[in-house]
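Hello,

Here is the structure I said I would pass on. My notes on it follow below.

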Amino acid sequence: MREASYYTRESTGAVTCSLCPHHCKIAPGARGICRVRENREGMLVSMVYGQPAAAHVDPIEKKPLFHFLPGSTAFSVSTVGCNLSCPFCQNHTLSAAEPAGQGISAISVPAEDIVRQAESSGCRSLCFTYSEPTIFFEYMIEMARLAKERGLKTNMVSNGYIEKEPLEELAVCMDAANIDLKAFQEKTYRKILGGRLEPVLETIKRMKELGIWCEVTTLVVPEMNDSEEELSAIAGFLAECGPEIPWHVSRFHPCYKWTHLPPTPLEKLRLAMECAKRAGLKYVYAGNVPGDFSESTCCPGCGKVVIERFGFSVRKISLEQDGTCSSCGTAVDGVFGD
Ligand code: SF4
């Protein structure tokens, strides 16, 4: 447990958290929407500081990050908690779980130990993922700073629901991110996901400006965001931010509270890829479809496959050390070396 960053106290004993755009006003003894930040006698505390709920060595492709140290492994860490409430969350056992003290035993692991484990497991990066890393901000930033000092790279998989000031603080020690852009309609964010669209768009723009390598994932969910109009709007927005942003369009499978919908038809993923091409995006990938040709990276110059993938494994890389295509010398966007 640790005092939280980014909050103000009020004379009534309540506090207002400004870590994410919810700006929860929290009465003494109560918690914010993420359920892991609690008002203890006028002090806001993070209940998940030092309490990882999951830690695994994953291929970086699983995040997915396709243009960031391809073929490497990432030491992946998470606590419980999330500031959105997606009814199809694939990690709901973590995101919807309660922090220690409510039936879950507390495991206290210093940031230093996590970084040591990442080093000893041969990973090239430390990744904050599975649930929403913003809600374990204090723990994440301490691990990220230590990782950078030890020569590891850092990355996060996030819903992008974070305020500008903490994002700027984080940018100093964060190399890459995959941001979920779950829909392009305000009503979907408000009614289904439990947030707002605009702050997520702002995060993507701001990350680009702050020099964080950014990839974006959209889970294409039947009836929620799979119209040509909406997919085109997402692709157009990303192309405006930067045509080099890789866009991962992933296949939905029934999960958590949404088991009434079918898996995404493959033609909807093809449609999303068409929209990406029309918008001018240089890299688009179909996710959750192992064996599909569209999970490999093609050179934007000559069109040859430069990173050949099958699922989460990289079979062949035809790039020079500086990230240029071995066939034609065109620069492929991303972070490929130290
Ligand atoms: S981080 Fe949690 S407590 Fe803070 S504003 Fe967001 S949801 Fe509320």
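A residue is called buried here when its relative accessible area is under 20%. Please keep in mind that this is a predicted model.

By that cut-off, the buried residues of helix α6 are L197, P199, V200, L201, T203, I204 and M207. An α-helix has 3.6 residues a turn, so residues three or four places apart point the same way. What covers the buried residues of α6 includes three helices and three strands: α4 (164–171), α5 (186–193) and α7 (228–241), together with β10 (153–158), β11 (176–180) and β12 (213–220).

The length of α6 was also checked. The helix runs over residues 197–209, which is 13 residues, and at 1.5 Å a residue it should span 18 Å. Its end C-alpha atoms are 19 Å apart, which agrees. After α6 comes G211, with a positive phi near 85°.

The chain as a whole

The chain holds 8 helices and 17 strands. Its C-alpha trace spans about 65 × 45 × 35 Å along the principal axes. For 338 residues, a compact globule would have a radius of gyration near 20 Å, and the chain has 20 Å, so the two agree. Of the 338 residues, 56% are buried. Among contacts with a separation of 6 or more, 66% are between residues 24 or more positions apart. The chain exposes about 13900 Å², and carbon and sulfur atoms supply 50% of that area.

A sheet of 3 strands

One open sheet has the strand order β1-β6-β5, and its pairing is antiparallel. β1 (2–3) and β5 (37–40) stand at the edges with a single partner strand each, so one side of each has no neighbour in the sheet. Between β5 and β6 (residues 43–46) there are 4 bridges, in the antiparallel sense. One bridge links N39 to L44, which lies in β6.

A residue to look at: S78

Is S78 buried or exposed? S78 is buried, because its relative accessible area is 0%, and buried means under 20%. S78 belongs to strand β8 (residues 73–78). Its side chain reaches the backbone oxygen of T129 at 3.4 Å. Leaving out residues up to four places away in sequence, S78 touches Q51, P52, A53, A54, L94, T129, Y130, S131 and F136. T129 therefore appears both as a residue that S78 touches and as the one whose backbone oxygen the S78 side chain reaches.

Regards

Terms used
Residues numbered from 1 in each chain as written. Predicted model: local features only at pLDDT ≥ 70, side-chain atom pairs only at ≥ 80, totals over all residues. Heavy atoms only, no water. Helix = DSSP H or I, 4+ residues; strand = E, 2+ residues; numbered from the N terminus. Expected span 1.5 Å × (residues − 1). Buried < 20%, exposed > 50% of the residue type's maximum accessible area, 1.4 Å probe, protein only. Contact = heavy atoms within 4.5 Å. Polar contact = N/O pair within 3.5 Å; in protein donor to acceptor, adjacent residues only side chain to side chain. Rg over C-alpha atoms; globule rule 2.2 N^0.38 Å. Areas by Shrake-Rupley, 256 points an atom, 1.4 Å probe, with all protein chains shown as cover. Pairing = 2+ DSSP bridges.
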